[in-house]
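Take a look at the model below. We will walk through a few of its parts, one step at a time.

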Amino acid sequence: MERLLAQKKLTTRWYERFPRGVPVGIFTLTMAVTVLSVFAIERAEYQRKTAQIEQVAQEVASGIERQSNVNVAYLRSSAALFATQQMVEAPLFRTFVRQLHLDGRFVGSDGIGWAMKVRRADVPVVEAIMRDGGVKDFTITPAPQTSAQGNAQQSVVPIMFVEPQSERNQRVIGFDMFSESARRSAMLKAERSGQPTASGRVALHYEGEADGQPGFIIYMPVFTISEDRPGGNLRGYVFSPFNAQRFLQSALDAERLEGAVVRLHDRGAVVDGKQSVALMAQTAPDHASRRKVTRQIEIAAHTFVLEVEAPATPMLSSISALTLLFGLLVATLLLVLARLLTQQAMEDRIALSWFEQQSSIRNSLTRELNHRVKNTLANVLSIISLTRRRSDSVPEFADSLEGRIRALSATHDLLTQSDWGTTPVSAVVLAEIAPYAQDEQRHLEIGGPDVELAPNDALSLGLAIHELATNAAKYGALSVESGSVKISWEMAGEDVARIEWAERGGPPINPDTRRKRGFGTELIEKIVAHELRHPVDLKFEPQGVRCSLLIPVRRRTDFAIRQGRDQT
């Protein structure tokens, strides 16, 4: 039981020392749960978005590969036809391409063209034939170059025809594609494999345009009919140029992107002599996002990189923001409720403590009252007993008893006014000597330092002063006009005060009176001395009565019943 009480007391002290600990702890715990919930929601949302972007990337990659396969199929059919012809002429080429009905299906491409392999020595003849065939100012450009070792370029591959015959396509007629490294590399690879081959990133330059648009070209080699395998006589290439931006847009379903950014890169691009990944096209401007998915796709034996980036999203999703707001509101509400409850608990504890204190005070007051009533009744009984033995008649008995009871009453009034605390010596003396101080013929001298007495000591002093004053009024210095009484007091020690009563000028004292011990004498020497716990020095000198009393001066904590409680 004592252990439980000690533990409860320790807990109470901690709670009183940190009254805001419980509310703050509840708020912190609630916010921690809210933050963990938001983290879980954001993680699930991130995984969902990532899966969604991966699905979009897969769909886009499938669309691009499907679109490229359709285009490659057209090139294969064109190559199969041209391989059976001795000469690919403009009417045949134009008629065949138009019969394919490519409008709306050959999406992303600038058309289909024919590039014939021409030996360098035959360049003038080919230019003349093309001019006679209706192509004005046909010239193979750029002119074949000679290497640094003096070796001349053996052959060229100029563009002979391009469908549809748009103004932009007509500008590239005569361009030697073998003169540019990226195109030449793709054509040589196609010649070796005999399969459609895409170039890397190239700039699709057209006459009159300052900057080329990024794109790529798919080449399908055409061999003579007798040569059905690579390594035979190469007649030329059926090719199709693709604008990378339009090609990418044609393979996408904009509604499925949901704001994602799609980029197409050339993995085999060469920049400053080093192989790197070069951007060819993208569907929207760049934006910051943490979720990116990449796929490698094959277009005509060339590797491209497809990158899909999720749309930029707020720092927190709507459901996370709502969860955080709701958690903050709940945490704040719990904080307020916990604070109110703890405040109420503290107030209840203070009230309970006050009630316990008041109950303890009442109990102490009851015990003190019982004790003091018993003491007072004992004093009264002693006074009655002594008065009865010393009185010769009933009136004398009544008068003596009444005076002494009044003395007790006067001192009790002083104690009541001080709430039964300390009472000054001067107040006790003046209260008892007051009936005689009103007479101007009385000579009284009263004085001394400020000395406070305990309640019981004040009562004993009051009885002693009353008896001395009554005796002086009847037989001593206060019974004649020439008499005087001096009452003085001083500290006789650290915790003892000395009260001096001295009479002068009164009637001479009969020697028989000195030997006769009256009620007042016995009251002072027995009852008062017993209560004060010090002997009383009472002398009947010829000049008058002289009395010296030693009264203890106690600290307030030795007798006050409230002070100890008030300081807890």
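Begin at a hairpin: four residues link strand β16 to strand β17. This is a predicted model, so read each step as a statement about a prediction. Strand β16 covers residues 484-491, and strand β17 covers residues 496-504. The two strands pair in the antiparallel sense, over eight bridges. One spot to find is I487, which stands opposite W501 in β17.

Now turn to another partner of β16. Which way do β14 and β16 run relative to each other, parallel or antiparallel? They run parallel, and five bridges join them. Strand β14 is made of residues 443-447. Here I446 stands opposite I487 in β16. I487 therefore appears in both pairings: it faces I446 in one and W501 in the other. In a regular strand, the side chains alternate between the two faces of the sheet.

Next, pick out a residue in another strand. H265 sits in strand β9, which spans residues 261-271. Is H265 buried or exposed? Its relative accessible area is 12%, and buried means under 20%, so H265 counts as buried. What does H265 touch, leaving aside residues up to four places away in sequence? Its contacts are V277, A278, L279, M280, F304, V305 and E307.

Move on to the surface. A nonpolar patch of about 560 Å² is formed there by V22, I26, L333, L334, V336, L337 and L340. Two elements give two or more residues each to this patch: α2 (21-82) and α9 (318-390). Which one supplies the largest share? That is α9, with five residues.

Look at one member of the patch, V336, in helix α9. V336 has a relative accessible area of 43%. Buried would need a value under 20%, and exposed one over 50%, so V336 is partly exposed.

Finally, step back to the whole protein. How many helices and strands does it have? There are 15 helices and 19 strands. The protein has 568 residues, and 40% of them count as buried. H265 is one of the buried residues. About 32,100 Å² of the protein is exposed, with carbon and sulfur atoms supplying 54% of that area. Contacts also reach along the sequence. Take those between residues at least 6 apart in sequence: 66% of them join residues at least 24 apart.

Key:
Residues are numbered from 1 along each chain as its sequence is written. This is a predicted model: local features need pLDDT of at least 70, side-chain atom pairs count only at pLDDT 80 or more; totals for chains, interfaces and linings use all residues. Side-chain values use heavy atoms; hydrogens and water are left out. Two strands pair if DSSP finds at least two bridges between them. Buried means under 20% relative accessible area, exposed over 50%, partly exposed in between (1.4 Å probe, protein chains only). Contact means heavy atoms within 4.5 Å. Accessible areas come from the Shrake-Rupley method with a 1.4 Å probe; for residues, only the protein chains shown count as cover. Patches are made of residues with over 30% relative accessible area and no salt bridge: like charges are joined within 9 Å, nonpolar side chains (Val, Leu, Ile, Met, Phe, Trp, Tyr) within 5 Å. A salt bridge is a side-chain nitrogen of Lys or Arg within 4 Å of a carboxyl oxygen of Asp or Glu.
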